[in-house]
Amino acid sequence: MKFFLDTADVAEIADLASAGMVDGVTTNPSLVAKTGRDLFELLAEIAGLVPGPISAEVTATEQEAMLREAHRLAEIAKNICIKLPLTWDGLRACRRLAAEGVKVNLTLCFSPGQALLAAKAGATFVSPFVGRLDDAGHEGMELIEDICTIYGNYPDTIRTEVLVASIRSVGHVIEAARLGADVATMPAKVMRALAQHPLTDKGLAQFLADWEKTGQRIV
Ligand code: G3P
């Protein structure tokens, strides 16, 4: 399973990328706004830190304007992946960009029907939002299960990868992996929490205390 960071925070990306755990990055207008930085400078910096796909989202809502923005964003770096909203304009723009060989991430997916259309439009990734579905009183993970099952029924024709987004917890990541999703994009704190276990901390403290008593050194 690929791990993407869902952030525009360069320090967080640099730190986790140096551990070799970051296969890509997803940004959105809200995450960029939080940094207070210039979009183009920010994306160029992120694209230089992580060689994998960096999702950059358009803010236009009409097909032709989306394409203009997409082409401008794609010029930033080779690994920029264009993020489009899952609307009819987004689907039309996706088809055209896919035909040009541009990678597209169709975002704001909340139903299996939308995911089917994303695959037909030739999206490289579809981003179902699990946390926001949970917040609205639904079971976000049921959507991941549905999409993985549906896409799995057409292995010869559907190439779109399931990119689980709006992840809030380690449980979301584990469940996404159990269901066979291709990618999980997560906040830095969730990626860090994947390594944490109280028994690891307790066991390490015990080993170190016992070793200290021997008075030996390895190097
Ligand atoms: O980038 C899209 C996404 O993952 C949003 O997450 O936490 O704002 O619902 P969230």
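Buried means under 20% relative accessible area, exposed means over 50%, and partly exposed is in between (1.4 Å probe, protein chains only). This is a predicted model, where local features need pLDDT of at least 70 and side-chain atom pairs count only at pLDDT 80 or more, while totals for chains, interfaces and linings use all residues. Residues are numbered from 1 along each chain as its sequence is written, and side-chain values use heavy atoms, with hydrogens and water left out.

**Exercise 1. Sort L108 and S166 into buried, partly exposed or exposed, and look up their phi values.**

Step 1. Start with L108, which lies in strand β5. Strands (E, at least two residues) and helices (H or I, at least four) are DSSP runs, numbered from the N terminus.

Step 2. L108 has 32% relative accessibility, so it counts as partly exposed.

Step 3. Now take S166, in the loop between β7 (161–164) and α9 (170–178). Its relative accessible area is 8%, so S166 is buried.

Step 4. On to the backbone. Most residues other than glycine have a negative phi. L108, though, has a positive phi, near 60°, and the phi of S166 is positive too, near 60°.

**Exercise 2. Find the aromatic pairs and describe how each one is arranged.**

Step 1. Rings of Phe, Tyr and Trp (its six-membered ring) pair if their centres lie within 6.5 Å; planes under 30 degrees apart are stacked, over 60 edge-to-face, and the rest tilted. The structure has 2 such pairs.

Step 2. Take F4 and F125: their centres are 5.8 Å apart with 80° between the planes, an edge-to-face pair. F4 sits in strand β1 (residues 2–6) and F125 in strand β6 (residues 125–128), so to speak far along the chain from each other: 121 residues apart.Step 3. Check the burial of both rings. F4 is buried because its relative accessibility is 1%, and F125 is buried because its relative accessible area is 3%.

Step 4. Turn to F110 and F129. Their ring centres are 5.5 Å apart and the planes meet at 65°, so this pair is edge-to-face. F110 is in the loop between β5 (104–109) and α6 (112–120), F129 is in the loop between β6 and α7 (130–135), and the two are 19 residues apart.

Step 5. Check burial again. F110 is partly exposed because its relative accessible area is 32%, whereas F129, at 7%, is buried.

**Exercise 3. Which residues surround the ligand, and which polar side-chain atoms lie 2.5 Å and 2.7 Å from its oxygen atoms?**

Step 1. List the residues around the ligand, meaning those with a heavy atom within 4 Å of it. They are D6, N28, K83, F129, R132, A165, S166 and R168.

Step 2. Look for polar contacts (pairs of N or O atoms within 3.5 Å; within protein, one must be able to donate a hydrogen and the other to accept it, and residues adjacent in sequence count only if both atoms are side-chain atoms). A polar side-chain atom of D6 is 2.5 Å from a ligand oxygen, and one of S166 is 2.7 Å from a ligand oxygen. For N28, a side-chain N or O atom lies 3.1 Å from an oxygen atom of the ligand.

Step 3. Ask how much of the ligand is covered. Accessible areas come from the Shrake-Rupley method with a 1.4 Å probe; for residues, only the protein chains shown count as cover. On its own the ligand has 310 Å² of accessible area, and the protein covers 82% of it.

**Exercise 4. Find the side-chain partners of T26 and S127.**

Step 1. T26 is in strand β2 (residues 24–26). Its relative accessible area is 1%, so T26 is buried.

Step 2. The side chains of T26 and T185 share a polar contact of 2.6 Å. Contact in general means heavy atoms within 4.5 Å. Leaving out residues up to four places away in sequence, T26 touches residues including F4, D6, K83 and N105.

Step 3. S127 belongs to strand β6 and counts as buried because its relative accessibility is 1%. Its side chain makes a polar contact of 2.8 Å with that of N105.

**Exercise 5. How many residues does the largest nonpolar core have, and what does V164 touch?**

Step 1. A nonpolar core is a set of buried Ala, Val, Leu, Ile, Met, Phe, Trp, Tyr and Cys residues joined through side-chain atoms within 4.5 Å. The largest one here has 64 residues, with I82, L84, L106, Y151 and V164 making the most contacts inside it.

Step 2. Helix α8 (residues 140–152) gives the largest share of this core, 6 residues.

Step 3. Setting aside neighbours within four places in sequence, V164 is in contact with residues including P128, M141, I144 and T185.

Step 4. There is also a second, separate core of 7 residues, with F4, F125, F129 and V183 among them.

Terms used. Near = heavy atom within 4 Å.
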